[in-house]
Amino acid sequence: MLIIKLNNWFFPYFSRSSKIFIGCFLMFQAIYAVESPQDFTITGEIVDQNGMPLPGANILEKGTQNGTQTDFDGKFTLEVGSEDAVLVVSFLGFATQEIVLDGESEIEITLEEDNAALDEVVVVGYGSRKKRDVTGAVGSANLEDFRQTPVSNVGQLLQGNLPGLNVGQVSSAGSTPSLSVRGQTTISGNQSVLIILDGVQYNGSLESINPNDIQSIDVLKDASSVAVYGAQGANGVILITTKQGKNQAPSISISSSYATLEPSKNLRPLNREAYLDHIRKLNYEDAYLGPDYIESNPDFNLADYIDSSMLDEDGNVVGANFDWWDAGTQVGFINEQKISVSGGSEKTKYLISLDHTDQEGFITNDKFQRKGARINLSTEVTDWWELGVQSFASFVKKDGAEPNISDLVRTSPLLEPYDENGEIIINPANVTDQNPFLPYLVDDYERHDYFFANFFSEIKFPFLEGLSYRVNFGNNYRINKSYRASEYGASLVGEAYKNHDFYYDYNLDNIINYTRTFGKHDIDLTLLYGAIERKFEYTGARATDFARLDLGYNSIEQGVNQFTNSDAWREALNYQMARINYIFDERYLLTGTIRRDGFSGFAANNKFGYFPSVAAAWNIHNESFFNEDWVNNLKLRIGYGTTSNQTSRYSSLAGVTTRAAYVFGDGGSTVFGQQLTSLANPNLKWERTTGINLGLEYSLFNSRINGNMEYYYNRTNDLLFDVAIPDVTGFETIRTNIGEIENSGFEFAISSQNIQKEDFNWETTLNFSTTATEVLKLIGRDNDGDGVEDDLTASNLFIGERLGVIYDYETDGIYQVGDDIPDGFFPGSYRVVDQNGDGEINPSDDRVILGHENPGYRFSVLNKFNYKGLTLRVFINSIQGGKNGYIQNNIYPITLDDNNIRWNYLDGRDLWQPNNPEGKDPVFPGQNPQISPNVYEDRSFVRLQDVSLTYNFDKKLVESLNMQNLQVFVSGKNLATWTNWRGWDPEGPDQNNDPIGIGLGSGGRPVLKSYSLGLNLTF
């Protein structure tokens, strides 16, 4: 019965030949699972370098599943197939060894400690370092455990992956999640994380990058590590390194997967019956008998209260029950096909990859398609000169326009989209509200073409050991095309447009490096001189009022009203950097960096800024006095440095714009005037952030437990901010430098090998982080004369409070029928707390700080279980608000008016009624109360974010098929979320990628749950 069910569920996705192929695999696997006969017995003992026995060490006969483990005294007995068998011996924290028996029946094996984790190389900016030699806060993302995750954007692989790296949710096909490192260190300055791709800055979207091309992702988090990038790295740096070729025969890797997508929460608009009941609730004063409004009114006729567009000719409610939500949504999917070829010789190495990703989201016409190609090539021209290129092209297609999701929710099920002739009804409710399907009845063409190439040359001077010179010349091109034609556009007279924009930047870096070891002294010196230039051009043409739109956007001149516009900008950067790393006796480490940045966007008096940093580390475990055998690594780090933040281009200059036209006399020509829009500030200067970072790294119990802890504190002054100025100047604000904020937090990560047996391993990784940004100073005004600097309430900035505070009215339940209710309020209104007790409610005296919108802390837990060829990964991710944190308004009052009678709503609302006094969403019978306050709810959640089950076929079987690897997997994403939040996902953005409106509002958008099936082959 089980076989029949698997056949019905699994095999329909494959052709007949594929079924035969998979069946053969399973048959061969079953054959090879049978153990071969053993006829040679060996005994032995496994010890460490000090002669201490290693209990629980694994001994495996190579090429078989035959193995055992050592006992408490480190001894073992094993029967093997022959006298020449090879034993694979492994133990956590020690290097794996292969032992050839050569007929010996008694052996003693000494294992050496494995420092591979400490010798792991991490990218630190303009170079790389062994992990053991890093002095700053640098984290490496765990990519291998998330390779099977069904995503089309590499940013999604990083959610919860690394403490201090905060990654948001996505709800549309191919979109890039929000990224931040350690919270906010500016108010109005640039808040974007710097992306470095293969050593050069990358300003394209992450949607363009094939996740399968990526070898590693490292994150620079503290001031001392980001100092090498100066102001560009003020908000943290993400370093992406792509895969390279190796000195080996050609290797072909093929990856194929298919995933389904659907909302992680089943929330829908009201159906016919629920909608009619909703109308009844809005009219509860008539639908129920007073004064308690509990008993139904037998004389209530629903047809008297419903919108006339939903009545038939006889005045009765129409019988329609159209499901707008189902008609405008679908089961989405991600279909990925990827292939790469890599290899090379001792001199030349190459990697070539192709990628095709096709995704359709839950909303109809939410489409994303990426076709990409990569070539990474390097060659050693001589023993001391290497040339190469790292390049890719990516072509993204997003054709098609979605229906308006708000209208899908709000349109009544009593209305229908098409008439009896099958023609679309423009205004189903006979008002200005348009048919939700009109937006996607368009000819829509949207393309994004990305081109990236980093050409490099590196010379290792033969006349001086350790001296090298490298040139990186990075080039980014981006072409965006957006064309659209709609016969329903421009108030139904027809509209068509074509928009083109082109972006280009180059990044030229000259890097000199000198690395030498003199006895106990290690020196690594890096010098940099670089420049960046960025250019952008835009041209748009648009027309309205078409008699015919047969040629669509390819014949815009046929429109009666024609418009053109264009735009362009340019900016340039120049920078120099010097960094020295010094190590003495593998115990004491010191890093010093100085960076000089110049940016064209700053005022003439402050074009350049200088940003120094220093960091030190102490390898305590290498000290002669430290003799704790259970501690394998213990390193203490401290870093201090200054970074900066750039202003936007032209913000220090006076802005000019075109204003209304003037006609000189009857029949005269039209002349457009120009007007200043902003004042110049010749003294605008660099924002400066000075920070300190304390870190502790450790490895314990033969590296069975590994982790690190970080504490950081940053203070930013000379904040870039638009300050209000007197109206008499003719302007509202001027950008200047004011104020001060602080940013601090704590992070830790710990991984452990819980169980390591012959056939079973269990590993756990836990990440935790917290961050907060507080306002210390603002513009220095004291208008009320109390001797204390004033807050900027209009900008939601309060001295001594966090950024993102909630400053609003406090509520105390809902007024019920029969309560003593003040004027301006009525049953169903929220009771607003009178903070000063003067009997009046006003915004200046009765609003208080209720909490803040930012997370209190984040944590994630990854558990990985290995049993023979099976690997199960379970990843839980969580954001918690702590005390009054991570809150947002989630109350949606409804006033009895024409719109709310006509509109539909999501079924998760809990309307207040006299017979439902605990309801949360107020109903106002015909008028709004004096104040209808926001009511905030906790967004905290725990999510089962990723689960994957992978099977690696037996190596002997795979080799017999002339393959290197064969792997199948199933995985799921966003499978379950535990939260008290009502509405769509507490983390998910709305249709404008804005977290506001993610609750029960009509503009919310679901986060998607996915299931995938995939196959990886390597030849």
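The following legends describe close-up views of a predicted model.

**View 1. Strands β1 and β7 pair side by side.** Strand β1, which covers residues 40-47, is joined to β7 by five bridges, and the pairing is parallel. Within this pair, Ile-46 has Ile-109 of β7 as its bridge partner. Strand β7 spans residues 106-110, and its side chains alternate between two faces. Ile-107 and Ile-109 point to one face and are buried. Glu-106, Glu-108 and Thr-110 point to the other face and are not buried. In general, the side chains of a regular strand alternate between the two faces of the sheet.

**View 2. A negative patch lies on the surface.** Four residues, Glu-83, Asp-84, Asp-102 and Glu-104, form this negative surface patch. Glu-83 belongs to the loop that connects β4 (75-80) with β5 (86-91). The relative accessible area of Glu-83 is 46%, so this residue is classed as partly exposed.

**View 3. Five strands make up an open, mixed sheet.** The strands follow the order β10-β15-β16-β13-β14, and their pairing is mixed. The edges are taken by β10 (138-140) and β14 (200-201); each has a single partner strand, and therefore one side of each has no neighbour in the sheet. Strand β13 (residues 194-197) runs parallel to strand β16 (residues 237-242), and four bridges join the two. Leu-197 is placed opposite Ile-240 of β16. As a general point, strands of a sheet pair through backbone hydrogen bonds, either parallel or antiparallel.

**View 4. Ile-363 is a buried loop residue.** Ile-363 is found in the loop between β19 (348-360) and β20 (367-382). With a relative accessible area of 2%, Ile-363 is buried. Ala-617 lies 254 residues from Ile-363 along the chain, and the C-alpha atoms of the two are 52 Å apart.

**View 5. Glu-710 and Arg-637 form a buried salt bridge.** The model holds 48 salt bridges in total. In the one between Glu-710 and Arg-637, the closest N and O atoms are separated by 2.3 Å. This pair links distant parts of the chain, with Glu-710 in strand β33 (residues 705-724) and Arg-637 in strand β29 (residues 631-645), 73 residues apart. Glu-710 counts as buried because its relative accessibility is 4%. Arg-637, at 3% relative accessibility, counts as buried as well.

**View 6. Arg-831 and Asp-819 form a partly exposed salt bridge.** The closest N and O atoms of Arg-831 and Asp-819 lie 3.5 Å apart in this salt bridge. Arg-831 sits in strand β38 (residues 830-832), whereas Asp-819 sits in the loop between β37 (811-814) and β38, twelve residues away along the chain. Arg-831 has a relative accessible area of 25% and is therefore partly exposed. Asp-819 is partly exposed too, at 33% relative accessibility.

**View 7. Asp-921 and Arg-982 form a salt bridge between two loops.** In the salt bridge of Asp-921 with Arg-982, the closest N and O atoms are 3.1 Å apart. Asp-921 is in the loop between α11 (898-902) and β44 (923-924), and Arg-982 is in the loop between β47 (965-979) and β48 (1008-1018); the two residues are 61 residues apart. Both Asp-921 and Arg-982 are buried.

**View 8. Four charged residues share a salt-bridge network.** Asp-145, Glu-763, Lys-864 and Arg-873 are joined into one network by salt bridges that share partners.

How values were computed. Residues are numbered from 1 along each chain as its sequence is written. This is a predicted model: local features need pLDDT of at least 70, side-chain atom pairs count only at pLDDT 80 or more; totals for chains, interfaces and linings use all residues. Side-chain values use heavy atoms; hydrogens and water are left out. Patches are made of residues with over 30% relative accessible area and no salt bridge: like charges are joined within 9 Å, nonpolar side chains (Val, Leu, Ile, Met, Phe, Trp, Tyr) within 5 Å. Accessible areas come from the Shrake-Rupley method with a 1.4 Å probe; for residues, only the protein chains shown count as cover. A salt bridge is a side-chain nitrogen of Lys or Arg within 4 Å of a carboxyl oxygen of Asp or Glu. Lys and Arg count as positive and Asp and Glu as negative; His and the chain ends are not counted. The place of a charge is taken as NZ of Lys, CZ of Arg, CG of Asp or CD of Glu. Buried means under 20% relative accessible area, exposed over 50%, partly exposed in between (1.4 Å probe, protein chains only). Two strands pair if DSSP finds at least two bridges between them.
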